[in-house]
Amino acid sequence: MNNAFFYRDQHFCAEQLTIAELAEQYGTPCYIYSRAMFTESYQAFANALGDYPGMICYAVKANSNIAVLNLLARLGAGFDIVSGGELQRVLTAGGDAARIVFSGVGKSADEMKMALEAGIFCFNVESEAELKLLNQVAGDMGRIAPVSLRVNPDVDAKTHPYISTGLKENKFGIAIDDAPRVYRAGAAMEHIQLQGVDCHIGSQLTEIEPFMDALERVLNLLEQLKQSGIQLQHIDMGGGLGVRYKDEQPIAPLQYISALKDRISKYGLELLLEPGRAISANAGILVTRVQYLKNNENKSFAIVDAAMNDLIRPTLYSAWQNIIPVKKAQGSKEDGVPASDIYDIVGPICETGDFLGTDRQMSLRQGELLAICSAGAYGFTMSSNYNSRNRCAEVMVDGDQSHLIRARETFEMQIAGEALLPADKDE
Ligand code: LLP
(Lines give C-alpha, C1' and ligand atoms only; values in the text may rest on other atoms or scores of the structure.)
Protein backbone atom coordinates (compact mmCIF):
# COMPACT_ATOMS: atom_id res chain seq x y z
CA MET A 1 0.00 0.00 0.00
CA ASN A 2 1.30 3.47 -0.87
CA ASN A 3 1.27 5.67 2.15
CA ALA A 4 -0.82 8.81 1.67
CA PHE A 5 1.18 10.43 4.50
CA PHE A 6 4.69 11.18 3.26
CA TYR A 7 7.38 13.86 3.03
CA ARG A 8 7.51 16.03 -0.05
CA ASP A 9 10.92 17.67 0.26
CA GLN A 10 11.00 18.52 3.97
CA HIS A 11 7.25 18.91 4.33
CA PHE A 12 5.01 16.19 5.72
CA CYS A 13 1.89 15.83 3.58
CA ALA A 14 -1.50 14.14 3.57
CA GLU A 15 -2.25 13.25 -0.05
CA GLN A 16 -1.72 16.53 -1.94
CA LEU A 17 -1.84 18.91 1.02
CA THR A 18 0.87 19.90 3.47
CA ILE A 19 0.17 19.23 7.14
CA ALA A 20 1.56 22.67 8.00
CA GLU A 21 -1.14 24.37 5.92
CA LEU A 22 -3.86 22.13 7.35
CA ALA A 23 -2.69 22.93 10.89
CA GLU A 24 -2.78 26.62 10.04
CA GLN A 25 -6.32 26.30 8.70
CA TYR A 26 -7.86 24.03 11.34
CA GLY A 27 -5.66 24.65 14.38
CA THR A 28 -4.02 22.09 16.68
CA PRO A 29 -4.40 19.54 18.10
CA CYS A 30 -6.21 18.02 15.17
CA TYR A 31 -6.78 14.58 13.69
CA ILE A 32 -6.10 14.43 9.97
CA TYR A 33 -7.32 11.48 7.91
CA SER A 34 -6.76 10.39 4.34
CA ARG A 35 -9.71 9.26 2.28
CA ALA A 36 -7.39 7.33 -0.04
CA MET A 37 -5.92 5.38 2.88
CA PHE A 38 -9.33 4.44 4.27
CA THR A 39 -10.42 3.37 0.81
CA GLU A 40 -7.32 1.31 0.11
CA SER A 41 -7.32 -0.45 3.44
CA TYR A 42 -11.01 -1.32 3.26
CA GLN A 43 -10.60 -2.55 -0.30
CA ALA A 44 -7.69 -4.78 0.71
CA PHE A 45 -10.23 -6.72 2.81
CA ALA A 46 -13.08 -6.56 0.30
CA ASN A 47 -10.85 -7.68 -2.57
CA ALA A 48 -9.38 -10.50 -0.50
CA LEU A 49 -12.89 -11.74 0.25
CA GLY A 50 -13.69 -11.37 -3.45
CA ASP A 51 -16.85 -13.17 -4.49
CA TYR A 52 -16.70 -15.56 -1.55
CA PRO A 53 -20.02 -15.15 0.29
CA GLY A 54 -19.67 -12.96 3.36
CA MET A 55 -19.14 -9.44 4.61
CA ILE A 56 -16.46 -7.11 5.86
CA CYS A 57 -18.07 -5.45 8.89
CA TYR A 58 -15.90 -2.49 9.90
CA ALA A 59 -15.60 -2.25 13.71
CA VAL A 60 -17.08 1.19 14.33
CA LYS A 61 -15.35 1.64 17.70
CA ALA A 62 -12.00 2.16 15.99
CA ASN A 63 -13.10 5.40 14.33
CA SER A 64 -16.76 6.32 14.35
CA ASN A 65 -16.81 9.73 12.71
CA ILE A 66 -19.89 9.76 10.47
CA ALA A 67 -17.83 10.88 7.47
CA VAL A 68 -15.65 7.80 7.89
CA LEU A 69 -18.70 5.55 8.23
CA ASN A 70 -20.32 7.18 5.24
CA LEU A 71 -17.20 6.65 3.14
CA LEU A 72 -17.09 2.98 4.11
CA ALA A 73 -20.83 2.56 3.52
CA ARG A 74 -20.35 3.99 0.02
CA LEU A 75 -17.66 1.39 -0.55
CA GLY A 76 -20.13 -1.33 0.41
CA ALA A 77 -18.89 -2.12 3.92
CA GLY A 78 -20.93 -3.75 6.64
CA PHE A 79 -20.48 -2.63 10.25
CA ASP A 80 -19.76 -4.19 13.63
CA ILE A 81 -21.39 -2.12 16.36
CA VAL A 82 -21.33 -2.38 20.15
CA SER A 83 -23.93 0.15 21.29
CA GLY A 84 -27.12 1.94 20.39
CA GLY A 85 -25.00 5.03 19.73
CA GLU A 86 -22.91 3.20 17.17
CA LEU A 87 -26.10 1.88 15.53
CA GLN A 88 -27.42 5.43 15.22
CA ARG A 89 -24.10 6.62 13.81
CA VAL A 90 -24.10 3.92 11.12
CA LEU A 91 -27.71 4.62 10.14
CA THR A 92 -27.09 8.40 10.14
CA ALA A 93 -24.09 7.84 7.90
CA GLY A 94 -26.17 5.90 5.37
CA GLY A 95 -25.01 2.42 6.38
CA ASP A 96 -27.23 -0.55 5.53
CA ALA A 97 -28.90 -2.07 8.62
CA ALA A 98 -28.98 -5.44 6.89
CA ARG A 99 -25.16 -5.41 6.95
CA ILE A 100 -24.77 -4.73 10.69
CA VAL A 101 -23.62 -7.18 13.35
CA PHE A 102 -24.12 -6.18 16.98
CA SER A 103 -21.35 -7.29 19.38
CA GLY A 104 -20.75 -6.58 23.06
CA VAL A 105 -21.24 -8.25 26.44
CA GLY A 106 -23.80 -5.86 27.87
CA LYS A 107 -26.52 -5.00 25.36
CA SER A 108 -29.54 -3.41 27.04
CA ALA A 109 -33.16 -4.24 26.20
CA ASP A 110 -33.50 -0.78 24.62
CA GLU A 111 -30.49 -1.38 22.40
CA MET A 112 -31.86 -4.77 21.35
CA LYS A 113 -35.16 -3.13 20.48
CA MET A 114 -33.50 -0.42 18.41
CA ALA A 115 -31.49 -3.00 16.51
CA LEU A 116 -34.50 -5.25 15.89
CA GLU A 117 -36.49 -2.27 14.64
CA ALA A 118 -33.67 -1.31 12.29
CA GLY A 119 -33.48 -4.90 11.00
CA ILE A 120 -29.81 -5.71 11.59
CA PHE A 121 -28.13 -8.77 10.12
CA CYS A 122 -27.19 -10.51 13.37
CA PHE A 123 -26.76 -10.19 17.14
CA ASN A 124 -23.46 -11.57 18.40
CA VAL A 125 -24.72 -12.88 21.74
CA GLU A 126 -22.20 -13.30 24.54
CA SER A 127 -24.10 -15.11 27.31
CA GLU A 128 -27.11 -17.27 28.01
CA ALA A 129 -28.69 -14.47 30.05
CA GLU A 130 -28.39 -12.13 27.07
CA LEU A 131 -29.94 -14.77 24.80
CA LYS A 132 -32.93 -15.05 27.13
CA LEU A 133 -33.46 -11.30 27.26
CA LEU A 134 -33.16 -11.03 23.47
CA ASN A 135 -35.77 -13.77 23.04
CA GLN A 136 -38.09 -11.87 25.35
CA VAL A 137 -37.54 -8.48 23.68
CA ALA A 138 -38.04 -9.97 20.20
CA GLY A 139 -41.14 -11.81 21.44
CA ASP A 140 -42.65 -8.58 22.80
CA MET A 141 -42.10 -7.00 19.39
CA GLY A 142 -43.41 -10.01 17.49
CA ARG A 143 -40.04 -10.42 15.81
CA ILE A 144 -37.44 -13.11 15.34
CA ALA A 145 -33.89 -12.15 16.34
CA PRO A 146 -31.06 -13.44 14.13
CA VAL A 147 -28.30 -14.72 16.42
CA SER A 148 -24.71 -15.85 16.41
CA LEU A 149 -23.12 -16.95 19.67
CA ARG A 150 -19.75 -15.46 20.46
CA VAL A 151 -17.65 -18.28 21.76
CA ASN A 152 -14.46 -17.96 23.69
CA PRO A 153 -12.04 -20.45 22.13
CA ASP A 154 -9.43 -20.06 24.90
CA VAL A 155 -6.45 -19.24 22.72
CA ASP A 156 -3.63 -16.88 23.54
CA ALA A 157 -3.66 -13.99 21.09
CA LYS A 158 -0.12 -13.01 22.16
CA THR A 159 -0.97 -9.33 22.36
CA HIS A 160 -1.25 -6.74 25.15
CA PRO A 161 -3.33 -8.18 28.05
CA TYR A 162 -5.83 -5.27 27.88
CA ILE A 163 -6.65 -6.08 24.26
CA SER A 164 -6.54 -9.85 24.53
CA THR A 165 -10.05 -11.27 24.71
CA GLY A 166 -9.97 -14.94 23.76
CA LEU A 167 -8.66 -16.51 26.96
CA LYS A 168 -11.04 -18.21 29.32
CA GLU A 169 -10.26 -15.72 32.10
CA ASN A 170 -11.60 -12.84 29.93
CA LYS A 171 -15.16 -11.58 30.26
CA PHE A 172 -15.94 -12.16 26.60
CA GLY A 173 -18.01 -14.81 24.89
CA ILE A 174 -19.36 -18.17 25.98
CA ALA A 175 -16.82 -20.81 26.99
CA ILE A 176 -16.48 -23.05 23.96
CA ASP A 177 -17.20 -26.17 25.99
CA ASP A 178 -20.44 -24.67 27.20
CA ALA A 179 -21.48 -23.43 23.76
CA PRO A 180 -23.31 -26.63 22.58
CA ARG A 181 -25.62 -26.41 25.58
CA VAL A 182 -26.37 -22.70 24.97
CA TYR A 183 -26.97 -23.38 21.26
CA ARG A 184 -29.46 -26.09 22.18
CA ALA A 185 -31.17 -23.66 24.58
CA GLY A 186 -31.31 -21.07 21.80
CA ALA A 187 -32.73 -23.58 19.33
CA ALA A 188 -35.66 -24.07 21.68
CA MET A 189 -36.40 -20.34 21.98
CA GLU A 190 -39.32 -19.19 19.91
CA HIS A 191 -38.00 -15.77 18.91
CA ILE A 192 -34.39 -16.69 18.28
CA GLN A 193 -33.03 -17.82 14.95
CA LEU A 194 -29.55 -19.32 15.21
CA GLN A 195 -27.54 -18.21 12.21
CA GLY A 196 -23.88 -18.25 13.04
CA VAL A 197 -20.94 -18.49 15.35
CA ASP A 198 -18.38 -15.82 16.11
CA CYS A 199 -15.21 -15.21 18.03
CA HIS A 200 -12.82 -12.32 18.55
CA ILE A 201 -9.63 -13.28 20.31
CA GLY A 202 -7.91 -9.93 20.62
CA SER A 203 -6.55 -6.91 18.85
CA GLN A 204 -3.24 -6.01 17.19
CA LEU A 205 -2.38 -9.63 16.38
CA THR A 206 0.63 -9.96 14.15
CA GLU A 207 0.70 -13.73 13.76
CA ILE A 208 -1.76 -15.93 11.94
CA GLU A 209 -1.51 -18.96 14.23
CA PRO A 210 -3.81 -17.79 17.04
CA PHE A 211 -6.52 -17.01 14.45
CA MET A 212 -6.13 -20.42 12.84
CA ASP A 213 -6.13 -22.17 16.24
CA ALA A 214 -9.35 -20.35 17.12
CA LEU A 215 -10.84 -21.33 13.76
CA GLU A 216 -10.06 -25.02 14.37
CA ARG A 217 -11.85 -24.92 17.70
CA VAL A 218 -14.84 -23.17 16.18
CA LEU A 219 -15.03 -25.71 13.32
CA ASN A 220 -14.92 -28.47 15.89
CA LEU A 221 -17.86 -26.89 17.65
CA LEU A 222 -19.76 -26.68 14.35
CA GLU A 223 -19.29 -30.43 13.85
CA GLN A 224 -20.69 -31.11 17.31
CA LEU A 225 -23.65 -28.80 16.67
CA LYS A 226 -24.39 -30.52 13.38
CA GLN A 227 -24.72 -33.78 15.26
CA SER A 228 -27.37 -32.14 17.45
CA GLY A 229 -29.19 -31.01 14.32
CA ILE A 230 -28.05 -27.39 14.53
CA GLN A 231 -26.81 -26.12 11.19
CA LEU A 232 -25.31 -22.62 11.00
CA GLN A 233 -24.86 -20.36 7.98
CA HIS A 234 -21.97 -18.13 8.88
CA ILE A 235 -18.76 -17.88 10.80
CA ASP A 236 -17.53 -14.50 12.02
CA MET A 237 -13.86 -14.39 12.99
CA GLY A 238 -14.07 -10.91 14.56
CA GLY A 239 -11.38 -8.29 14.10
CA GLY A 240 -7.87 -8.18 15.46
CA LEU A 241 -5.56 -7.98 12.48
CA GLY A 242 -2.57 -5.90 13.53
CA VAL A 243 -0.91 -2.98 11.80
CA ARG A 244 2.60 -1.60 11.65
CA TYR A 245 3.22 1.06 14.29
CA LYS A 246 6.99 0.56 14.45
CA ASP A 247 8.56 -2.55 13.04
CA GLU A 248 5.78 -5.11 13.38
CA GLN A 249 5.25 -7.38 10.39
CA PRO A 250 1.49 -7.83 10.44
CA ILE A 251 -0.23 -10.42 8.29
CA ALA A 252 -1.70 -8.93 5.13
CA PRO A 253 -5.51 -9.17 4.79
CA LEU A 254 -5.06 -11.19 1.59
CA GLN A 255 -2.91 -13.83 3.29
CA TYR A 256 -5.24 -14.03 6.29
CA ILE A 257 -8.49 -14.17 4.36
CA SER A 258 -7.14 -16.67 1.83
CA ALA A 259 -6.14 -18.98 4.68
CA LEU A 260 -9.61 -18.68 6.23
CA LYS A 261 -11.39 -19.28 2.92
CA ASP A 262 -9.24 -22.32 2.16
CA ARG A 263 -10.10 -23.85 5.49
CA ILE A 264 -13.84 -23.15 5.58
CA SER A 265 -14.96 -23.35 1.95
CA LYS A 266 -15.89 -27.03 2.17
CA TYR A 267 -18.30 -26.28 5.01
CA GLY A 268 -20.35 -23.93 2.82
CA LEU A 269 -20.21 -21.20 5.44
CA GLU A 270 -20.37 -17.48 4.82
CA LEU A 271 -17.37 -15.61 6.20
CA LEU A 272 -17.68 -12.42 8.23
CA LEU A 273 -14.84 -10.29 9.56
CA GLU A 274 -14.87 -7.26 11.86
CA PRO A 275 -11.64 -5.34 11.22
CA GLY A 276 -11.29 -1.96 12.89
CA ARG A 277 -7.65 -1.03 13.41
CA ALA A 278 -6.44 -2.56 10.14
CA ILE A 279 -8.79 -0.25 8.23
CA SER A 280 -8.32 2.97 10.15
CA ALA A 281 -5.05 3.13 12.13
CA ASN A 282 -2.76 4.16 9.32
CA ALA A 283 -5.40 6.35 7.71
CA GLY A 284 -4.94 9.07 10.33
CA ILE A 285 -2.45 11.19 12.25
CA LEU A 286 -2.72 13.52 15.21
CA VAL A 287 -1.09 16.89 14.65
CA THR A 288 0.16 18.84 17.63
CA ARG A 289 2.30 21.91 18.31
CA VAL A 290 5.26 22.10 20.66
CA GLN A 291 4.39 24.67 23.30
CA TYR A 292 7.50 24.58 25.44
CA LEU A 293 10.79 22.76 25.70
CA LYS A 294 12.11 22.15 29.17
CA ASN A 295 14.87 20.40 31.00
CA ASN A 296 14.48 18.84 34.43
CA GLU A 297 17.70 17.49 35.85
CA ASN A 298 18.53 14.70 33.38
CA LYS A 299 15.38 14.68 31.36
CA SER A 300 14.21 16.79 28.44
CA PHE A 301 10.55 17.37 27.79
CA ALA A 302 8.64 18.69 24.82
CA ILE A 303 5.30 19.92 26.11
CA VAL A 304 2.83 19.78 23.24
CA ASP A 305 -0.77 20.92 22.92
CA ALA A 306 -2.19 17.39 22.50
CA ALA A 307 -2.57 15.22 25.58
CA MET A 308 -3.70 11.85 26.91
CA ASN A 309 -7.31 13.04 26.64
CA ASP A 310 -6.81 13.30 22.85
CA LEU A 311 -4.83 10.06 22.44
CA ILE A 312 -4.77 7.67 25.37
CA ARG A 313 -3.14 4.65 23.74
CA PRO A 314 0.49 5.46 24.70
CA THR A 315 -0.28 5.69 28.39
CA LEU A 316 -3.07 3.11 28.61
CA TYR A 317 -1.38 0.30 26.69
CA SER A 318 2.24 1.50 26.62
CA ALA A 319 1.61 1.73 22.89
CA TRP A 320 4.40 3.14 20.73
CA GLN A 321 3.37 5.48 17.96
CA ASN A 322 5.86 7.25 15.76
CA ILE A 323 6.26 10.99 16.36
CA ILE A 324 7.80 12.97 13.53
CA PRO A 325 8.38 16.61 12.65
CA VAL A 326 5.93 18.18 10.23
CA LYS A 327 8.88 20.09 8.77
CA LYS A 328 12.11 18.14 8.70
CA ALA A 329 14.99 20.10 10.15
CA GLN A 330 17.71 20.52 7.57
CA GLY A 331 21.20 21.82 7.93
CA SER A 332 23.45 22.14 10.96
CA LYS A 333 23.79 24.08 14.15
CA GLU A 334 25.23 26.96 12.17
CA ASP A 335 21.96 27.16 10.22
CA GLY A 336 20.09 27.47 13.50
CA VAL A 337 19.00 23.82 13.69
CA PRO A 338 18.77 22.87 17.37
CA ALA A 339 20.91 20.03 18.69
CA SER A 340 19.17 16.71 18.89
CA ASP A 341 18.16 15.51 22.34
CA ILE A 342 16.18 12.68 23.91
CA TYR A 343 12.70 13.94 24.70
CA ASP A 344 9.58 12.77 26.39
CA ILE A 345 6.71 14.20 24.36
CA VAL A 346 4.13 15.15 26.98
CA GLY A 347 0.83 16.99 27.17
CA PRO A 348 -0.44 19.74 29.49
CA ILE A 349 -2.54 17.40 31.68
CA CYS A 350 -1.73 17.15 35.37
CA GLU A 351 -0.70 13.50 35.37
CA THR A 352 2.67 11.83 35.04
CA GLY A 353 0.99 9.38 32.67
CA ASP A 354 0.22 12.19 30.26
CA PHE A 355 2.68 11.34 27.54
CA LEU A 356 2.41 10.62 23.83
CA GLY A 357 5.89 9.20 23.49
CA THR A 358 8.94 8.72 25.68
CA ASP A 359 12.66 8.76 24.94
CA ARG A 360 12.43 10.08 21.41
CA GLN A 361 15.63 11.34 19.83
CA MET A 362 14.63 14.53 18.08
CA SER A 363 15.82 17.99 17.25
CA LEU A 364 12.97 20.23 18.37
CA ARG A 365 12.04 23.89 18.44
CA GLN A 366 9.37 25.66 20.45
CA GLY A 367 6.35 26.34 18.23
CA GLU A 368 7.00 23.61 15.67
CA LEU A 369 4.44 21.02 14.59
CA LEU A 370 4.66 17.28 15.20
CA ALA A 371 2.66 14.42 13.73
CA ILE A 372 1.76 11.40 15.82
CA CYS A 373 1.41 8.63 13.28
CA SER A 374 -1.00 5.69 13.02
CA ALA A 375 -3.60 7.55 15.07
CA GLY A 376 -6.66 6.81 12.93
CA ALA A 377 -7.81 3.90 15.13
CA TYR A 378 -8.77 4.23 18.79
CA GLY A 379 -7.58 7.82 18.75
CA PHE A 380 -10.46 10.25 18.65
CA THR A 381 -12.98 7.57 19.71
CA MET A 382 -11.19 7.14 23.04
CA SER A 383 -10.77 10.86 23.64
CA SER A 384 -12.34 12.65 26.59
CA ASN A 385 -12.77 16.05 28.19
CA TYR A 386 -10.37 15.30 31.04
CA ASN A 387 -8.97 18.51 32.54
CA SER A 388 -11.92 20.23 30.81
CA ARG A 389 -10.11 20.24 27.50
CA ASN A 390 -12.28 20.64 24.44
CA ARG A 391 -12.10 17.65 22.15
CA CYS A 392 -10.13 18.40 19.03
CA ALA A 393 -11.11 18.79 15.38
CA GLU A 394 -11.11 16.02 12.75
CA VAL A 395 -10.31 16.69 9.12
CA MET A 396 -10.53 14.41 6.07
CA VAL A 397 -8.15 15.04 3.21
CA ASP A 398 -9.27 13.98 -0.24
CA GLY A 399 -6.69 14.67 -2.94
CA ASP A 400 -6.15 18.43 -2.95
CA GLN A 401 -9.27 19.09 -0.85
CA SER A 402 -9.78 19.01 2.89
CA HIS A 403 -13.06 18.76 4.79
CA LEU A 404 -13.75 19.52 8.42
CA ILE A 405 -15.58 16.38 9.57
CA ARG A 406 -15.80 17.32 13.22
CA ALA A 407 -15.55 20.89 14.45
CA ARG A 408 -13.29 21.56 17.39
CA GLU A 409 -15.43 21.48 20.51
CA THR A 410 -16.18 24.81 22.15
CA PHE A 411 -16.58 25.41 25.86
CA GLU A 412 -20.35 25.76 25.32
CA MET A 413 -20.47 22.36 23.61
CA GLN A 414 -18.40 20.87 26.39
CA ILE A 415 -20.80 21.91 29.16
CA ALA A 416 -24.03 21.46 27.19
CA GLY A 417 -26.20 19.21 29.33
CA GLU A 418 -24.67 20.30 32.62
CA ALA A 419 -26.78 22.40 35.00
CA LEU A 420 -26.34 24.52 38.10
CA LEU A 421 -28.18 23.56 41.27
CA PRO A 422 -31.30 25.61 41.98
CA ALA A 423 -30.74 28.69 44.16
CA ASP A 424 -30.83 28.06 47.93
CA LYS A 425 -33.95 29.33 49.70
CA ASP A 426 -32.07 31.96 51.68
CA GLU A 427 -30.31 33.35 48.59
N1 LLP B 1 -14.86 -7.16 17.01
C2 LLP B 1 -14.96 -7.16 18.34
C3 LLP B 1 -15.98 -8.01 18.98
C4 LLP B 1 -14.08 -6.37 19.11
O5 LLP B 1 -14.17 -6.39 20.43
C6 LLP B 1 -13.10 -5.57 18.46
C7 LLP B 1 -12.19 -4.72 19.23
C8 LLP B 1 -13.07 -5.60 17.05
C9 LLP B 1 -13.95 -6.41 16.36
C10 LLP B 1 -12.07 -4.78 16.26
O11 LLP B 1 -10.77 -5.17 16.54
P12 LLP B 1 -9.54 -4.59 15.68
O13 LLP B 1 -9.68 -5.10 14.28
O14 LLP B 1 -9.61 -3.11 15.73
O15 LLP B 1 -8.35 -5.12 16.37
N16 LLP B 1 -8.47 0.35 22.23
C17 LLP B 1 -7.54 -0.71 21.93
C18 LLP B 1 -8.16 -1.78 21.07
C19 LLP B 1 -9.42 -2.37 21.69
C20 LLP B 1 -10.10 -3.37 20.79
C21 LLP B 1 -11.42 -3.75 21.33
N22 LLP B 1 -12.18 -4.63 20.49
C23 LLP B 1 -6.30 -0.10 21.30
O24 LLP B 1 -6.25 1.12 21.12
O25 LLP B 1 -5.32 -0.80 21.00
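## A tour from one salt bridge outward

Start by selecting D398 and R35: D398 forms a salt bridge with R35, and their closest N and O atoms are 3.2 Å apart. Keep in mind as you look around that this is a predicted model.

Now color the helices and strands. R35 lies in helix α2, which covers residues 35–49, while D398 is in strand β20. The pair links distant parts of the chain, with the two positions 363 residues apart.

**Next stop: the two domains.** Give each domain its own color. Select 5–32 together with 281–414 for domain 1, then 35–279 for domain 2; these bounds come from the domain assignment. How far apart are the centres of domain 1 and domain 2? Taken over C-alpha atoms, 33 Å separate them.

**Zoom in on the interface.** Here, 23 residues of domain 1 are in contact with 21 residues of domain 2. Together the two domains bury about 2,000 Å² between them, and 57% of that is on carbon and sulfur atoms. Show Y317, W320 and Y378 as sticks: these residues supply 27% of the area that domain 1 buries against domain 2, more than any other three residues.

How many salt bridges does the rule find across the interface of domain 1 and domain 2? There is one. In the protein as a whole, the count by this rule comes to 11 salt bridges. Go back to the interface and you can also look for polar contacts, as 12 residue pairs are found there, both partners having pLDDT 80 or more.

**Walk along the domain 1 side.** Select α11 (313–317), β20 (393–398) and β21 (401–406) in turn; these are the elements that give two or more residues to the side of domain 1 that touches domain 2. Which of them gives the largest share? That is β20, with four residues. Now color this side of domain 1 by residue class, and you will find 11 nonpolar, seven polar and five charged residues.

**Last stop: the whole chain.** Zoom out and display the cartoon. The protein chain has 12 helices and 21 strands. Its radius of gyration is 24 Å, close to the 22 Å that the globule rule gives for 427 residues, so the chain is as compact as a globular protein of that length. Turn the model around and you can picture the box that its C-alpha atoms fill: roughly 80 × 70 × 40 Å along the principal axes.

Notes: Residues are numbered from 1 along each chain as its sequence is written. This is a predicted model: local features need pLDDT of at least 70, side-chain atom pairs count only at pLDDT 80 or more; totals for chains, interfaces and linings use all residues. Side-chain values use heavy atoms; hydrogens and water are left out. Domain bounds come from an automatic or database domain assignment. Contact means heavy atoms within 4.5 Å. Buried area is the accessible area (1.4 Å probe) that two parts lose on being put together, summed over both. A salt bridge is a side-chain nitrogen of Lys or Arg within 4 Å of a carboxyl oxygen of Asp or Glu. A polar contact is a pair of N or O atoms within 3.5 Å; within protein, one must be able to donate a hydrogen and the other to accept it, and residues adjacent in sequence count only if both atoms are side-chain atoms. Ala, Val, Leu, Ile, Met, Phe, Trp, Tyr, Cys and Pro count as nonpolar, Asp, Glu, Lys and Arg as charged, and the others, Gly among them, as polar. The radius of gyration is taken over C-alpha atoms; the globule rule is 2.2 Å times the number of residues to the power 0.38.
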